[in-house]
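User: I'd like a close look at just one part of this model. Could you pick it apart piece by piece and then tell me what sits around it?

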Amino acid sequence: MSDTPALDAAKIDIRRWTDVEPSVRTPYGPRAIYTPSVLAEAAELLGKFYAAGQEHHIDREDWAAVTSLPLGVLEALAARYCSHVELTGSEWHTVRDTVISELSAKGLTVQRGQRVVVDPLPGGQRFGYRGQAPVSLALTRDGWEIRVDEAARADGSRPIVAPATEDGAREVADLVHRILSGEAPNPFAAPAAKEASA
């Protein structure tokens, strides 16, 4: 699908909603981390909704007056990728081995296991109470997940919205590398306080 005004608007709206206000209550909402392929899929789907609406003289702004299509699209994709993942044992091992291989190829220190533990990078972002905790990844029936690998941390888990495939594993590895290096935002950082308006 080539870029159209509807697709361009959808890309903008998807980007805006991936930084949704923490006060918005959704099943995945601001806790979810989306991979680029899922964001592209969301923008394409939203663009189709906008284009269909335009055929009925419903503009993008009209949708915003009654519902949040961008958030609905993101949540629908998160629900698809973050629930009822069914892989055979060999498929699961292949996907896990792919993420381990990709992380190692990026120079990250990885420990194999049910959860894949990834050590922090020198000069990169710091996690945990002492700033020395690694992060860990898992692919479960609920999809991909990343958390600070520290026993005392109760609420450190974040879903990663990505396919449970080898391509998805490559995207997850790239995302984890970008988080650890500081190229991507720290998903475990406390939300910034809003400044009061004058």
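Analyst:
**The sheet, from edge to edge**

Val-110 has Val-118 as its bridge partner in S3. Before going on, bear in mind that this is a predicted model, where local features need pLDDT of at least 70 and side-chain atom pairs count only at pLDDT 80 or more, while totals for chains, interfaces and linings use all residues. Numbering starts from 1 along each chain as its sequence is written, and side-chain values use heavy atoms, with hydrogens and water left out.

That Val pair belongs to the antiparallel match of S2 with strand S3 (residues 116-118), held by two bridges. Strands here are DSSP runs of E with at least two residues, helices are runs of H or I with at least four, and both are numbered from the N terminus. Two strands count as paired if DSSP finds at least two bridges between them. As a general point, strands of a sheet pair through backbone hydrogen bonds, either parallel or antiparallel.

Now zoom out a bit. The open sheet has six strands in the order S1-S6-S5-S4-S3-S2, with mixed pairing. S1 and strand S2 (110-111) are the edge strands with a single partner strand each, so each has one side without a neighbour in the sheet.

Walking inwards from S2, you go through S3 to S4, an antiparallel pair joined by three bridges. In this pair, Val-116 faces Leu-137 of S4. Leu-137 has a partner in S5 too, namely Ile-146. S4 and S5 are antiparallel over six bridges, and they make a hairpin with two residues between them. S4 is also mostly covered, with five of its six residues buried (buried means under 20% relative accessible area with a 1.4 Å probe, counting protein chains only).

Next along is S6. Strand S5 (residues 143-148) meets S6 antiparallel through three bridges, and Trp-144 stands opposite Ile-160 there. On to the edge, S1 and S6 run parallel, with two bridges between them. Ile-33 is the residue opposite Ile-160 in this case. S6 (residues 158-161) is covered on both faces: Arg-158 and Ile-160 are buried on one side, and Pro-159 and Val-161 are buried on the other.

**Just past S1**

Thr-35 sits in the loop that links strand S1 (33-34) to helix H2 (36-55). Thr-35 is buried, at a relative accessible area of 0%. Leaving out residues up to four places away in sequence, Thr-35 touches Ile-160, Val-161, Ala-162, Glu-171 and Leu-175; a contact means heavy atoms within 4.5 Å. So Ile-160 turns up again, this time as a contact of the buried Thr-35.

Tyr-34 leads you to a helix. Leu-74, in helix H4 (residues 69-81), has its C-alpha atom 8.8 Å from that of Tyr-34, although the two are 40 residues apart along the chain. Leu-74 is buried too, with a relative accessible area of 1%. Apart from residues up to four places away in sequence, Leu-74 touches Ile-14, Trp-17, Thr-18, Tyr-34, Leu-39 and Ala-42.

**A cavity beside the strands**

The structure has two cavities of 30 Å³ or more. A cavity is a set of points on a 1 Å grid over the protein atoms alone where a 1.4 Å probe fits but cannot get out, and its lining residues have an atom within 4 Å of a point. Points join across faces, edges and corners, and the volume is the space filled by probe spheres set on them. The largest cavity holds about 50 Å³, and some residues you've already met line it: Val-116, Leu-137 and Trp-144 are among them, along with others including Trp-92, Arg-96 and Gln-114. Helix H5 (89-105) and strand S4 (135-140) are the elements giving two or more residues to that lining.

**The wider setting**

All this belongs to a protein with six helices and six strands, laid out along the sequence as α-β-α-α-α-α-β-β-β-β-β-α. Of its 198 residues, 41% are buried. Among contacts with a separation of 6 or more, 61% are between residues 24 or more positions apart.

Notes: Buried < 20%, exposed > 50% of the residue type's maximum accessible area, 1.4 Å probe, protein only. 1 Å grid on protein atoms, 1.4 Å probe; cavity = no way out; pocket = protein on both sides within 12 Å on 5 of 7 lines; lining within 4 Å.
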